[in-house]
Each structure stands twice: as C-alpha cells, then as structure tokens.
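Reader: Before we turn to particular features, could you take me through this model step by step, beginning with a single residue and working outward?

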Amino acid sequence: MKRRTVLKSSAAALAVPMVGASRAQSPTTVRWWYHFDNPQASPASLIAKFEGENPGIKVQAESIPWGGGNDYYTRLYAALVAGNAPDCAMVKLGNQSRLLQMKALAPLDDLLAGWAARRDISENLWKMHRAPDGRNYYVPLQYVVLYLYYRADLFAAAGVQPPRTFDDFLKAAQAVQKGGVSAFGMRGGGGGHDHWGSFVLGAGANFEPGGMVSARALEANRWFVELGTKHKLFPISAPTDGFRQIVDNFKAGRTAMTIHHIGSANEMVQALGDKVSAVPVPVGADGKGWTSFGDESNAVFAASKVKEAAFKWVAFLSTGEHNVAFNAFTGQLTVTDSGASKWNLHPKRFVDATAASTALMGTLPNSTKTADFTRTVWPQQMQRALLGQTTPDAMMQAFERHFHG
Amino acid sequence: MRSRPVEPLLFLLPALLVTAAVILYPALQTVWLGLHSFVLFDPDSMRFVGLGNFSAIVADELFWISLSNSVIWVVCAVGLQFALGLVTALLLNQTFAGRSLARALVVVPWALPSVIIGLMWTWMYDLNLGVFNDLLMRVGLIDAPVAWLAQPGTALAAVILALVWQGFPFFAVMILAGLQTIPSEHYEAAAMDGASRWQTLRFVTLPALREVIATALLLRTIWVANSLDVILVMTGGGPGYETHTLPLYAFLKAYSAMEFGYASALSLVLTLLLLGAVAFYVRRVARQALA
Amino acid sequence: MIDRRSRLRRFVEVELPIALIVAFALGPYVWMVMTSIKPEAEIGTFPPSYIPREATFVHYETLAARTSFLGNLMNSLIVALGAVAVGLGVSVPAAYAFSRFRFRARNPLLVGFLVINMVPVVLLIIPLFVLMRQLGLLDTFVGIVMGHATFAIPFSVWMMTSYFNALPRELDEAATVDGASRLQAIRLVILPLAMPGIVTTGIYIFVTSWNEYLFAMMLSGQNVRTVTVALQSFIGEFSIQWGLLTAGGTLVAIPATVLFLIIQRRLVGGLTSGAVKS
C-alpha cells in the first residue's frame, strides 16, 4: 500500500511539471501572406526579431505572387472561400468593402486600444483606413502618394516652371513637347485612373450620385481627354501603357512628365540623376486637387484562431523602427511619424514632394464596385475615349451608371 | 479477340476516375453556377435565375463583340499557325546542312511559358523602346513609331502574331512526323507520271496527311479558342474592346466584377459553340478518328 | 525523290526560307538572351541597344545565389515528370481500350474527352482549389501533378488511340495464338511497338506541364513552387526585374529544347507510326 501511494504521488508529482512544460512548448503559429516587389527581399530578419521578443509565437510568412494584383487577390479570395485563409495578410483599401461583405475581416478596435504605438500613426491615416461602419479592420503598414515627376533640365531649357495649376500644366506641357519627346506619359492601362483622377476628380468630379455627370465633372473630363486627342500631349501608346511603360519611357527620356510615386524614385534617379525632380500634381485655381493615396495595410481575418497573436505581429510591423526596416524591403514610406522624421531611404526632394502632396490625398470610394472600376471599367472607357470610339461625356455617364445604376 | 464486356471498362477506369475527380466536379459546378446569379463577395444574395443569364448574354453588346473577336482570333491564329507550320514541315523534310539543328531550334517558341511570351512581345512592340519600331524605322518601312498595341487597327493583329509565333512549332512537328510515313513509292509513281512539285504536294502529300492535319487542327482550335493568358498579359482586352475575346470576357466577369454566375454562363456558351463547331468538323473531316 | 533542282534554286527554295523561319522562331528568344546579359543600366534604353556594351552574368549569378529559382526549376521538373507518369499511366490503357475494343459507350466517351478540353480552365480554378483543399492536396506535388495530368489526359488519349490504331490487330492475335494472355500480349508486343508514340505523347505532356502557370499558381505554396510562378514573382507592383526575368526566361526554355534535341529523331519516327493506315 505504501509503495503504491509513493508511486502514485511521485507519478502525480512528475505529471504536473510535464503539463506545465508542454503548455510552454507548443507555440502559436501565425500565418501571414505578403508580397514584395523584390523577390530577393525576405522578412526573415523581422520575423526573427519578433519571435525573439514574443517567445511562444511563430510567424509563418508566405510570399504570394502579385501577378498585377490579380493573382494575389484570386488566391486570397479562393482561400477565404475554401476556409484555408491565413491569419493575417497584406491588403489594400480597394478590397475592404468586398472583404467586409464576405464577413472575412476581424474588427480590431479592442486590440488597437491596448496598443501603445498606435499614436505614432497619424489620426488622419487611421481615418482613411476606417471602414464605413466606423470600426478599424486595417492596420496601416506603408503608403505612397502620387506626385508629378518632371524633367528639370527640359523645363529649364524651355524656360518654364514646374506646373502648379491645371492651366500651368497645359502651358508647360505645350512648351516642353518637342524633339520627339511627349509632354506627359499618360497611363491608360489598368491603374491609370490615378492619372485621370488628379485632373478630373481634382477639378470637381466625385463618386457621389450625380458626381460624375455634373457640369464641372463633364467639363474637367473633356479637358483631360482633349489633352490627348486635341493637343496630342500624350504618346500614341498611352491607351495601353501601364506603370512599366510610363516609368521606362520617362527614364529613357521619351516623356517630360509623368505621375507616379516614391516607389520608383530610386530607379528614376539611377537613370536620370539630377535631371529628374518632383512636385505635387496640378491643382485647380482654387488650390483644390486630388492625388491618389497608395495604401497598404495588414488585416486580421475573422476565421483566424489566433487573432491576438496575429495582431501582435501586425502591430509589430507597423511600429517605429520595424516599420522603417519593412519599408527598406518594399521601397514605400513609413506610416509612423517617428520613422518619417529620420527618413533616409529616398532622395529628399521626393520625400518633400510626397509630404507636400498629403493635403491632396484621396482614395476611391469604399464600394464593392470600386475594384471592377479600377481594373476594367475605367481602362475600357478611357481607352475608347482616347481613340475616339466614345465621347468624353459618354465615358462619364458610364461611370455614373457603374456606381449608381 | 473476343472480349468480356467488363474488360474495356477496366482499362478505361483510371482515366475516367482521374478526369471525373478533378475536372467533372468543378465542371458541373460551373454549369450549376451558370444557372444562378452569384457574386463572389455577396454569397448571401445568390439566387437561381434559370436561363436568365443566357438571355442577358444575348442582349449583351460586349458578348457579340467578344464573339466576333474570338472568331477572328481563332481563324487567323490557327490558320496562320497551320500555314506556317505546314511550310516549315515541308521545308524541314528536305535535305540540307544543319537539318537536325533547325528541327530542334524551331520548337523554342513552344518551350516558353505564356507570361514570358506576353512580356517580351509587349516590350518588342513598345512605342519607343521596342525593337519592331526601331528596326522598321532603320530599314525605312515606317517613318514614325507605331503604337502597335494601342491602336484599334493593329492591336488584335499584333497579339495574333505573338500567338502564331508561339504555336506554329506544334504544327510543324506534327506534320513533319506525318510526312515521314508517306512511302517513297508514292513520290516515285508521281514523278514517273510527270507530276510537278506542286501537283505532287496537292495530290500525294496532302491527302496522305489528312488524318494528322485534321487531328492537329481540331485540338489546336480548341486550345486557341480557350486561351487567354497571352492576351491578358499583352493588352488586358484593350484598347477598349479591341482584343476582347470570349474567354477573356468571361475571365474579367469572374475575377474583376466577381460575377461568377454570369461568367459561368458565358463560358458555357463558349463551350457549346465550340462543341457545335467541333461536331460539324468531325462529321465532315475527321470521321476516321471515330471509325 | 530525286531532287533535280539547281543549287541556286535549292538555296532560294529551301535553305533561305528555312533560315528565315528559324530566325523568326529564335528572334524574340535571342532578344531575351541579349537582355539577360546586359547590365541593368543598359536595359530599356532609347533607342534600344542590341549588342551589350559590356556583357555581364550578374543576373544569372543573382538568380542562382539570391533567389530560389534553381529550386523552382527542380520543382517544375518533378511536377512535369510526375504529370508525364500519371498522364501516360492513365491514358495508355484508356487509348488501348478505345483502339482495341468496340463497345457502345466508345464514341460518346471519346467525344467526351474532347469536350473536357473545351472547358475553359480559368473558371474551374476556384472550385478546383476548394476541391484540392478538401482532399488536403494544396501545396503538395501530388495536387499540382493531378491538375496538370488531368488536363493533358484528353489530348493524350486521342493521340495514343491513333498510335494504337496504327498497330494491326493481327499482332495481338498472333501473340494470343502463342498462348499469351491479353496483358502479356500488351506488355511484350504492343507496348514496345507503340513506344515512339508513347514518347511523343510524353513530350507533349512534359512541355504543357512545364509551361503551365494558372494551376501552379493556385495550387502551390511555400513548399512547391514551380518555375512559372517564380518568374511571375519578378514582376512586382512597382517594378519589373528585367534582368532576373530575362535570365530566368532564358533558362526556362532550355530543358524542353534540349529534350527535343535528344528525342527529335524518335519524335519524328514516333508520330510517324500514328499516321500509318494499315
């Protein structure tokens, strides 16, 4: 009897530390999907740091091919449908309404309240990422703001200043278009709505009901389309030019201006050195304008079983120095105020242009129709208008119909 | 050899099982979806609409544009691939120095993935940085660069050229192989009858190749009719609707607008049209395959 | 046939057109190779430069050392060979049945396989993804191999059927007269004779699988990434890595082309017997 009791109690004594040990030993795994432009960049160093600070959480990062955005989001939607989605992933605002409608996102307000570094991200940024229901589902990760690249040398030779207003833009464009160089590398392919937006949304069109067919909106759009069809200030390849064409052609010196963002700044400087500089996009005479806010955030998915751990990882990536380290991989700008103050990853004039453009930042509406607009509807109508297959007014009417039936 | 009825089934079973498991279920799901109005991000409002999608398709202007583009696409791409492939095969059948090397090099286009082909050809067509404009201007055939992919007149032709480049090796190889089977007695007999080279080609060579050509054309037509990856990379369907083909339209409906119901219906229409064309073709030409 | 044309005429009618056709076939590929050995600064210049001023192999070095490209090549090889094994393993018996047996379902099934080819793959992607997930085959070699094999099977069945049709039935009869069972007849007589056809079909499956992107992208993950997906990763949101992309593209074409070079004699002979009418 005694021996049995001894055995029993020693077994019990052994069991307790075992249970304790096993609980400490099974880490939570957080699956995170990301996409980097540069396939050589790897988040391994950031992951190691995070895991060091958070023993018990393991991050499994999966790089998903971007494929122009289509492949990345096809994979994400398919995974959500199949019940196989990651715990968190990089996402853009353009998809927020669709993801919300699929009830795929987890609201993060409670977790955000307890996160100290939240204050390091400006209230304006939080506002831009908030969902229509007032809750926060996205944690801003990085951003770019579109500005106007221009050839400082060509402008100096033509004796014109970089344009401030739309009228300045027309005059400057006509002055620098010579010698086979097109004035403005306009992007008519997918994603080109950013260019159009600066000139049309910036001049008074908007996405409210009737906002595309108001007198101001139609006038602005006609003016913009005529830059190409009447004044011939766009290269003839503009209808199908994508970001690659506008950047490559500007680098090769075939266009005098184009609109893009700091993500291409280092590339531009490598090709053109001091000949390239940037200013905010043109605005109206009243100083009002619009430029595209290129966002990227992390979201946590509703079906995740490790939401808190996933949030910790997501928050880590948007915190001060870690965020800056992340940006070194992606070439975009930090969302943190602390990181921005000591920024040295891009030449100063482009950071300044970005900063000066933040007052004009706008996003497309948080509607389920937006993704289709940017991918298919806008390019089709714009291309047809540039080719004279449809009128500028009919183009705006098509947009109005797309969003408001 | 007498065979028990169950024997053929045993031989067929692996193929049937694999096909059924991997394709049949998703294919049937596509048919089922075609009868519904279904938007991927709005699963709660999915509803049965019967033939509603199909009547919408008939009234859809873009469907007819895509259909006519598809017809031009298939006829030109397959026709030119076949013509070039036939000429290549006939030439590769002759004797000349370096013949083995030529035969192998001709298949390089076939050995490249579509994404590379799309990107390289888009770059070659580039207005300023592309080699086509550069070479044509140097030679003096054009005086100003042409925006091949951004103009209505040239966009579809430009993409078709890329596809002809990609696909002609397939025909070249298949026809070349078929040429090897023609017994030399047939050529000798024709020569003795005083037939010219052209007559030999027309009355001896081509008839002997009939089954090979028929099968190759059939399979290639189906493949080209359904293909969209090269167009997607090169123009995305633009400019405007110029390079919209039916599969591309269905793709955009599915992955851009996320209207999977409508997209499924579109692809069903495409499948039925193909089936009709193939049935007609098989009945008239490839009867031997099913004999 | 005795060729009685003059040397000059032969040159104009044979060698010259062949040279033009080979130039056409190789042109874009050569442009890609040239680009892959240019330093980054020389790519995308105006006007386009053809011969690099200073050739460099830095892109190939980066590809090998700093990306997973070589591993992806290996993955593609495994997937392609797997697809060939499964595809042939399944279509050869099926083709034999279509060739040697006559049964009521024969024609409908043959046409049925053709119809499978007609279904636009693109729309099947998401249901297929869901199916693979339920079977637990995501991000596995088996999953992608199954996907590739399945889409190669219809064509393979048709091709192999015509090769078997070319082998006279008398061969089967002769074997069984000697006491062989049907399976032995197949193994010892039919298969060896149909080998060129099998090789040809195998090559078609290999090339199709090697170049395939859609399935590979959807069904692969961290563990199994093919070379087509890897190439796509050089095309980013804000930049295209032309150097790495063209270097990768150059390498991608080589295995299939070399395979062709080796097999091309047999390939030609193989398709041959398929077209013979006995």
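Author: This is a predicted model, and a good place to begin is Cys88(A), which, leaving aside residues up to four places away in sequence, touches Val30(A), Trp32(A), Asn298(A), Ala299(A), Val300(A), Phe301(A), Ala310(A), Trp313(A) and Val314(A).

Reader: Which residues have the most contacts inside the largest nonpolar core?

Author: As a general idea, in soluble globular proteins nonpolar side chains tend to be buried together. Here the largest nonpolar core has 291 residues, and those with the most contacts inside it are Cys88(A), Trp313(A), Val159(B) and Ile175(B). Helix H7 of chain B, residues 152–180, gives the most to this core, with 19 residues.

Reader: How should I read H7(B), and where does a kink lie in it?

Author: Its burial comes first: 23 of the 29 residues of H7(B) are buried, so the helix is largely enclosed by the rest of the structure. From its first C-alpha to its last, H7(B) reaches 43 Å, close to the 42 Å expected at 1.5 Å a residue. A kink of about 35 degrees nevertheless lies at Gly167(B), shortly before the proline Pro169(B).

Reader: What does the domain assignment of chain A give?

Author: The assignment gives domain 1 as 26–142 + 295–344 and domain 2 as 147–292 + 354–404, and the C-alpha centres of these two domains of chain A lie 30 Å apart. Between them, 12 residues of domain 1 are in contact with 12 residues of domain 2. On the side of domain 1 that touches domain 2, the largest share, 4 residues, comes from helix H4 (residues 96–101) of chain A, and by class that side has 4 nonpolar, 7 polar and 1 charged residues.

Terms used: Residues numbered from 1 in each chain as written. Chains lettered and ligands numbered in written order. Predicted model: local features only at pLDDT ≥ 70, side-chain atom pairs only at ≥ 80, totals over all residues. Domains from an automatic or database assignment. Contact = placed C-beta atoms within 7 Å. Helix = DSSP H or I, 4+ residues; strand = E, 2+ residues; numbered from the N terminus. Nonpolar A, V, L, I, M, F, W, Y, C, P; charged D, E, K, R; others polar. Core = buried A, V, L, I, M, F, W, Y, C linked by C-beta atoms within 7 Å. Buried ≥ 20, exposed ≤ 12 C-beta atoms within 10 Å, placed from the backbone. Expected span 1.5 Å × (residues − 1). Bend = angle between axes of the 7 residues up to and from the residue.
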